[in-house]
Amino acid sequence: MLILSLATIFTLAVLLGSGVWIAFALIGTAWVALEFFSPFSPGPILASDFWGASYGWDLTALPMFIWMGEILFRSGLADNMFRGLSPWLNRMPGRLLHTNIIGSGMFAAVCGSSAATCATVGKMTLPELERRGYDSNMAIGTLASASTLGLLIPPSIVLIVYGVVTEQSISRLFMAGIGPGLMILALFMSYLVLWALLKGKRAGLTGHDESSMSFAEKLRNTWALVPILLLIGGIIVSIYGGLASPTEAAAVGVVLSIVIARLTGSFGMATLKDSLFAAVRTACMIAFIIAGASFLTSAMGFTQVPMQLARTIGEMGLSPTMLLVMLTLLLLVMGCFLDGISLILLVTAILMPLVSAAGFDLIWFGIYLVVVVEMSQITPPVGFNLFVIQGLTGKDILTITKATLPFFLLMMLSIALMHLFPEIALYLPQAMNR
C-alpha cells in the first residue's frame, strides 16, 4: 500500500505542478494506479465513469445556478446592495464595514461563487470605504473572509458537487448550510463590533457619522434590496417546503434573475450572451473535473487504498475529535494548492470510507468540508480570494493575509462549535423529514 500511495501522490503532484488541467491530473493519476497496481484495464472503467458522472439529474442544477449568478453579476447588484444597506448600518459600531459582511452574505446567496462575490462586492465597497476614512486592513479582511460564504450559503455550487458525488440530498445540504452560514456571519460581525469599540473608534478608523439621510430616503434606497431578498427567500422556501427540487428552483431562479436584471435597466442581448457563455465555460469545467474525480474514486476503490487507509487509521484508535483535528490540518495543507471543488472531489474520492467508518453524518461532514474549503480560500499561497483582493487593491499577499487572520481563526471556532453542537447544521435538514 505504501508504494501505491507514494506513486499516487507523486503522480498527482507532478501533473498538478506541471500546469495540466485538474481534470486531466485526476484522470492521469487514476490511470497510473489502475495500469500499474491493479489487474483491471483502465479504458472501460474510464468510459463507464465518464458516462455515469455526466447524466445525473441533480447535476442539472449546477449550470442553472451558475447562470443565475452570472446574470446577477452583470446587473449592478453590488451597487444596489451598498446603497440599500449603508443607511441602516451607520449607528452600529464599525458602521459601513458591516456592508462587506452583510453584502457578501447576500450576494453569496444568489451567486454561489466565492471569487465572484469578492470581486463584485469589493469593486463597490473598497473604494467607498477608503474614501470615507475606514481602516483599509479591516475592509480587506471583512471582504475576503465574508465572500467565502458563497461556498456555503445556498444555493451553493460546491454543495451541489458534494451532493452529486456522495449521493446525498442536495435539498438537505442546502438547508444544512443555512445555520452555519448565519453563525459565521454573526461571528464576523461580533468581532467587527468588538474591534470598533476597543480600537477602531478611538483610532478614527471607523469613518464618519453619516446620519443626515432622512427616513424616506433610507426607505427608497432599501427598496433596491427587495427583489434580491425575494429571489433568495423564494429559492430557499421552495426547496425547504418541498415545492421544488433544487434543479427546478434553479430554473426559476434564472428566470427571476433575468426579470430583476431587466428591471434594473442593465440587461440586454449582450448581457444575456456574455452570461450564458461564462456559465457554460464554468459548468463544463466543473463537470469535467467531476468526471475525472469519479474515475479516480473508482481507481482508488479497485486498488483498495481508501479501505486500507481507513483500517490503518481505525487501528490507531483515534477519537472522532482527534480524527477531525487531523483531517482539518490535512485539508488546510491540501487547500493551499487546490481550488475548492477539486479539493472536495479529491477528498470524497479517497477519504469517504474513512469518514463513514468513523460515524460522521455525511450531511454534517459536507458542511464541515465546505467550511474548511472556505478557510483555504484565504490561505496562501493559493487562496483565490487573496488574489482577487490583490488585483483590486494592489497590496501584497502578506498584508492581505495578515488582515484575514482573525477571520480565519473565527472559522476555526465555527468548526469547533459545529462539532460540539451538530444541530447547528443538522436541525433544518432533520426538520424536513417531519
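Trainee: Hi! How many of the 15 residues of helix 19 are buried?

Mentor: 15 of the 15 are buried (under 20% relative accessible area with a 1.4 Å probe, protein chains only), so helix 19 is largely enclosed by the rest of the structure. Mind that this is a predicted model, where local features need pLDDT of at least 70, side-chain atom pairs count only at pLDDT 80 or more, and totals for chains, interfaces and linings use all residues. Residues are numbered from 1 along each chain as its sequence is written, and side-chain values use heavy atoms, leaving out hydrogens and water.

Trainee: And what share of the whole protein is buried?

Mentor: Of its 434 residues, 53% count as buried.

Trainee: Back to helix 19. At what angle do its axis and that of helix 21 cross?

Mentor: Roughly 170°, and the axes (lines fitted to C-alpha atoms over the stretch in contact) come within 10 Å. Helix 19 and helix 21 are therefore roughly antiparallel (over 145 degrees, on a scale of 0 to 180 between N-to-C directions).

Trainee: Which residues make that contact?

Mentor: Taking contact as heavy atoms within 4.5 Å, helix 19 gives residues including Trp364, Tyr368 and Met375, and helix 21 gives residues including Phe408, Ile415 and His419. The residues of this contact divide into 11 nonpolar, 2 polar and 1 charged.

Trainee: What sits at the start of helix 19?

Mentor: A side-chain oxygen of Asp361 there reaches to within 2.8 Å of the backbone nitrogen of Ile363.

Trainee: New topic: how many helices and strands are there?

Mentor: The protein has 22 helices (H or I, at least four residues) and 0 strands (E, at least two), taken as DSSP runs.

How values were computed. Parallel < 35°, antiparallel > 145°, perpendicular 65-115°, else oblique. Nonpolar A, V, L, I, M, F, W, Y, C, P; charged D, E, K, R; others polar. Buried < 20%, exposed > 50% of the residue type's maximum accessible area, 1.4 Å probe, protein only. Polar contact = N/O pair within 3.5 Å; in protein donor to acceptor, adjacent residues only side chain to side chain.
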